[in-house]
Amino acid sequence: MVDVKLHDIGEGMHEAEVLRFLVDTGESVETDAPLVEIQTDKMTAELTAPSKGVVSNIEANVGDVIEVGDTILKIDEPGEALNETPEPVASSKEPTPSFGESLQQKSPAPPWKLASPYTRKIARDNDVDMAQVGGTGPAGRVMDEDVYNYIKQATTPQMDTSHTTSSSNDTVTNTKQEPTAERQIREILPLTQTPSGIHTEEMDFTKLLKLEKEWGISLHSFIIKAAQVALKAYPSLNALIDEAEAKVHFASDCHISVTQPHMEPKVIPNVDQSSILNIEKPSSNGEHDRNYTFAIHHLENESDIGSISDEDPQTGMLFFSPVQEKAAVYHQEITVRSMADTTLLFDPRAVTGLTAIAFCRRLKQFIENPNLLTLELI
């Protein structure tokens, strides 16, 4: 007999909650077959069978919080299972059911399907029975898109079918109608459920602060211009998302919204046509025009990020934390440098993670080596 226990799953997790069992008592399982789905504070995972056998006893219940080392269920190995009378044999001696009932008993829905924990979470959050979802992935694996397509089909109204009894002209007219707002929302359901992406880089502002004094330029003006130049290489961050049409509109111009502590938000229009020295002069004079394509927020403290709305249609926005003196390695020596965290909040429906990282690295080059930006502007 093999005890299936909650093993050490790492990341400091010592307990997990039993979400559901994928097998029943008396069921035969193969090696590595999914047995139970558990959830910790950081992830959802499936525990698999360590060996081939028959599930003899389930010792936990759905909803139980178990600790590392606790036994969840037990499996009788093939040699042990032969010494016991299997339960299915008794059922074969029962009276023969009707033809329709026998088909249902001989073709039960599979107890589990191949799917990642995140795909199962999508199905669970939307009350979808995974057994009803057809898998299009390798070996019949259920993909995220399969669950979303099932949700769309389940929520599509069946009102159009009632018009088949009317004349053919009416039917043609109905099929050519524009989709309703509700249907448009359903069509972008996979998009609206996608969370925001975040990437943070620590940047060295020492050289830039020195140039601010020597050249008499504004630190904020340099950051705005550096962001605009970096956006040219990554246009997906200088774009707007149309939720109604589920489309991404790339902007040909660059209008940046700037928020600074104790100041009204303002929009710098046509940043690509302005120099560093006069970049903040043509502003909206305190009026926050929402027709901007990118946003930069200078935070007085890190708690300010919670008060900024992320419901605007822009695909990206930057957050600059206050500059602090920190010990850092510079030219193989530990020195005190002016450091600040820069966080990019992006919409993964339009921007990939690699694009977000590449944009932040490019911006970091301009801030830590201001002369590079000068060369770009020549």
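This briefing describes selected features of the structure shown above, grouped by topic.

The model is a predicted one, and the points below concern its strands, its salt bridges, its surface patches and two residues with a positive phi. Among the strands there is an open sheet of four, with the order 1-8-6-3 and antiparallel pairing, and there is also a hairpin formed by strand 16 and strand 17. The salt bridges come to nine by count, and three of the residues involved, R20, E37 and R124, are linked in a network.

**The open sheet**

- Four strands make up an open sheet in which the order is 1-8-6-3 and the pairing is antiparallel. Strand 1 (2-5) and strand 3 (28-29) stand at the edges, and because each has a single partner strand, one side of each is left without a neighbour in the sheet.
- Strand 3 runs antiparallel to strand 6 (residues 53-58), and the two are joined by two bridges. Within this pairing, S28 is the residue that stands opposite V54 in strand 6.
- As a general point, the strands of a sheet pair through backbone hydrogen bonds, and they may do so in a parallel or an antiparallel way.

**The hairpin of strands 16 and 17**

- Strand 16 (residues 324-330) and strand 17 (residues 333-346) run antiparallel and are joined by seven bridges, and the bridge partner of E325 in strand 17 is S338.
- Two residues lie between the strands of this hairpin, where H331 takes a positive phi near 55°. H331 counts as exposed because its relative accessible area is 64%, which is over the 50% cut-off for that term.

**Salt bridges**

- In general, side chains of opposite charge can pair when their charged atoms come close.
- E37 and R124 meet through their side chains in a salt bridge, with a distance of 2.8 Å from N to O. This pair links distant parts of the chain, since E37 is in strand 4 (residues 34-39) and R124 is in helix 4 (residues 117-125), 87 residues apart.
- The two partners of that salt bridge are covered to unlike degrees: E37 counts as buried, at 0% relative accessibility, whereas R124 is partly exposed, with a relative accessible area of 32%. Both belong to the network of salt bridges that also includes R20.
- R362 and E376 form another salt bridge through their side chains, with 2.4 Å from N to O. This pair, too, links distant parts of the chain, with R362 in helix 11 (residues 353-368) and E376 in helix 12 (residues 370-377), 14 residues apart. R362 counts as partly exposed at 25% relative accessibility, and E376 counts as partly exposed at 38%.
- D347 forms a salt bridge with R349, and the closest N and O atoms of the pair are 2.6 Å apart. D347 is buried, with a relative accessible area of 14%, while R349 counts as partly exposed at 24% relative accessibility.

**Helix 4 and I151**

- Besides R124, helix 4 also holds A123, which counts as buried because its relative accessibility is 0%. The C-alpha atoms of A123 and I151 are separated by 8.9 Å, and these two residues are 28 residues apart along the chain.

**Surface patches**

- A negative patch on the surface is formed by E15, D41, E67 and D70. Of these residues, E67 has its place in strand 7 (residues 65-67) and is partly exposed, with a relative accessible area of 48%.
- A nonpolar patch on the surface is formed by L372, L375 and I378, which together have about 350 Å² of accessible area. I378 lies in the segment after helix 12 and counts as exposed, at 82% relative accessibility.

**Residues with a positive phi**

- Most residues other than glycine have a negative phi. Against that background, N270 has a positive phi of about 50° although it is not a glycine, and H331 likewise has a positive phi, of about 55°, without being a glycine.
- N270 has its place in the loop between strand 13 (266-268) and strand 14 (294-298), and N270 counts as partly exposed, at 26% relative accessibility. H331 lies in the loop between strand 16 and strand 17.

How values were computed
Residues are numbered from 1 along each chain as its sequence is written. This is a predicted model: local features need pLDDT of at least 70, side-chain atom pairs count only at pLDDT 80 or more; totals for chains, interfaces and linings use all residues. Side-chain values use heavy atoms; hydrogens and water are left out. Two strands pair if DSSP finds at least two bridges between them. Patches are made of residues with over 30% relative accessible area and no salt bridge: like charges are joined within 9 Å, nonpolar side chains (Val, Leu, Ile, Met, Phe, Trp, Tyr) within 5 Å. Accessible areas come from the Shrake-Rupley method with a 1.4 Å probe; for residues, only the protein chains shown count as cover. A salt bridge is a side-chain nitrogen of Lys or Arg within 4 Å of a carboxyl oxygen of Asp or Glu. Lys and Arg count as positive and Asp and Glu as negative; His and the chain ends are not counted. The place of a charge is taken as NZ of Lys, CZ of Arg, CG of Asp or CD of Glu. Buried means under 20% relative accessible area, exposed over 50%, partly exposed in between (1.4 Å probe, protein chains only).
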